[in-house]
Each structure stands twice: as C-alpha cells, then as structure tokens.
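Thanks for making time this morning. I would like to walk through one model with you, going from the chain as a whole down to a handful of residues.

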Amino acid sequence: MAQAWDSLSWHARGMILAAYGATVVAIGLVPALRTRGLLKGGAAVQGVVVGAKLETHQARDGSTYYSYRPVVRFGAPGGRQVVFTSALGSPRSPPAGSVTR
C-alpha cells in the first residue's frame, strides 16, 4: 500500500487527501446541524438528576479512572416523563436531586 501511495504524483495525493478531508467534515457536519436545529427550535425544560451511571476506563499506562454520566428525568409535553443518561460525563458524581437545564 505504501508503495502505491509513493507512486502517486503530488497532485493525486492532494486530491485524495482533499476528498478524505471533505468526507470527514461532511460526516461531522450532520450531527452539528441536527444539534443546532434542536437548540434553535426545541423546548427548554428543567430536569432533575436522579442518579449517575459509573463508567470505568483504562489508561494506556494501566491505571484506572472513573467517570459519572448523570441520569436525568424531565417532563415532556403531554405529561410524559422522560429519563435519559447524558452522553457527557465528569470525574465527580452529580448530586442526586440537583436541577439542571
């Protein structure tokens, strides 16, 4: 594979890398635009932290560290209760009962 890459002209390499870069940007743009749309047109509600999901991670040096992802409950339109686990974590467990927005 490296030999094939080396046999390409600088122009061909540049075109391949540009296509790769455009693809990566396009893939990252879809979730960003979706999030932007939700923030722009979505409803803001308050939620309550009802717990935390503990995750264990192994570092390359073999050490272990932990992160906590909050579990939040909020009321949706129509009276429906929604419980979700955040995709973002922190090194400290969030206090249960705290209000978040």
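For a compact globule of 101 residues one would expect a radius of gyration near 13 Å, whereas the protein chain in this model comes out at 22 Å. I should say at once that this is a predicted model, and everything that follows is computed from its atoms. The C-alpha trace spans about 60 × 45 × 15 Å along its principal axes, and buried residues account for 11% of the 101 residues in the chain. As for the surface, the protein chain exposes about 8200 Å², of which carbon and sulfur atoms supply 62%. If we take the contacts between residues at least 6 apart in sequence, 32% of them join residues at least 24 apart.

The secondary structure consists of two helices and four strands, and along the sequence the pattern reads α-α-β-β-β-β, with the helices placed ahead of the strands.

Let me begin with helix H2, which covers residues 10–41. Does its length agree with what its residue count predicts, or disagree? With 32 residues at 1.5 Å a residue the helix should span 46 Å, and because its end C-alpha atoms are 46 Å apart, the two values agree. H2 nevertheless bends by about 25° at Leu 29, and a proline, Pro 31, follows within four residues of that point.

Just before this helix, in the loop between helix H1 (2–6) and H2, we find Leu 8. Its relative accessibility is 31%, and therefore Leu 8 counts as partly exposed. Leaving aside neighbours within four places in sequence, Leu 8 is in contact with Arg 13 and Ile 16. To give a sense of the distances in this model, the C-alpha atoms of Leu 8 and Thr 85, which are 77 residues apart in sequence, lie 48 Å apart in space.

Turning to the strands, I would draw your attention to Glu 55, which lies in strand S1 (residues 47–58). Is this glutamate buried or exposed? Its relative accessibility is 18%, so Glu 55 counts as buried, given that the cut-off for buried is under 20%. The side chain of Glu 55 is joined to that of Arg 69 by a polar contact of 2.7 Å. Not counting residues up to four places away in sequence, Glu 55 touches Tyr 65, Tyr 66 and Ser 67 as well as Arg 69.

Arg 69 appears again when we move to the loop between S3 and S4, where Ser 86 is found. Ser 86 touches both Arg 69 and Pro 70, once residues up to four places away in sequence are set aside. With a relative accessible area of 16%, Ser 86 is buried, and its side chain reaches the backbone nitrogen of Leu 88 at 3.0 Å.

Leu 88 itself sits in that loop, between strand S3 (81–85) and strand S4 (99–100). Unlike the buried Ser 86, Leu 88 is exposed, with a relative accessible area of 66%. Even so, Leu 88 is in contact with Tyr 68, Arg 69 and Pro 70, again leaving aside its neighbours within four places in sequence. The C-alpha atoms of Leu 88 and Ser 67 are separated by 9.3 Å, the two residues being 21 residues apart along the chain.

Finally, the loop between S3 and S4 also holds Pro 95, which is exposed, with a relative accessible area of 55%. Which distance separates Pro 95 from Val 48, C-alpha to C-alpha? The answer is 9.9 Å, for a pair that is 47 residues apart in sequence.

To close, I would return to Arg 69, which is in contact with Glu 55, with Ser 86 and with Leu 88.

Definitions and conventions:
Residues are numbered from 1 along each chain as its sequence is written. This is a predicted model: local features need pLDDT of at least 70, side-chain atom pairs count only at pLDDT 80 or more; totals for chains, interfaces and linings use all residues. Side-chain values use heavy atoms; hydrogens and water are left out. The radius of gyration is taken over C-alpha atoms; the globule rule is 2.2 Å times the number of residues to the power 0.38. Buried means under 20% relative accessible area, exposed over 50%, partly exposed in between (1.4 Å probe, protein chains only). Contact means heavy atoms within 4.5 Å. Accessible areas come from the Shrake-Rupley method with a 1.4 Å probe; for residues, only the protein chains shown count as cover. A polar contact is a pair of N or O atoms within 3.5 Å; within protein, one must be able to donate a hydrogen and the other to accept it, and residues adjacent in sequence count only if both atoms are side-chain atoms. The expected span of a helix is 1.5 Å times one less than its number of residues. The bend at a residue is the angle between axes fitted to the seven residues ending there and the seven starting there.
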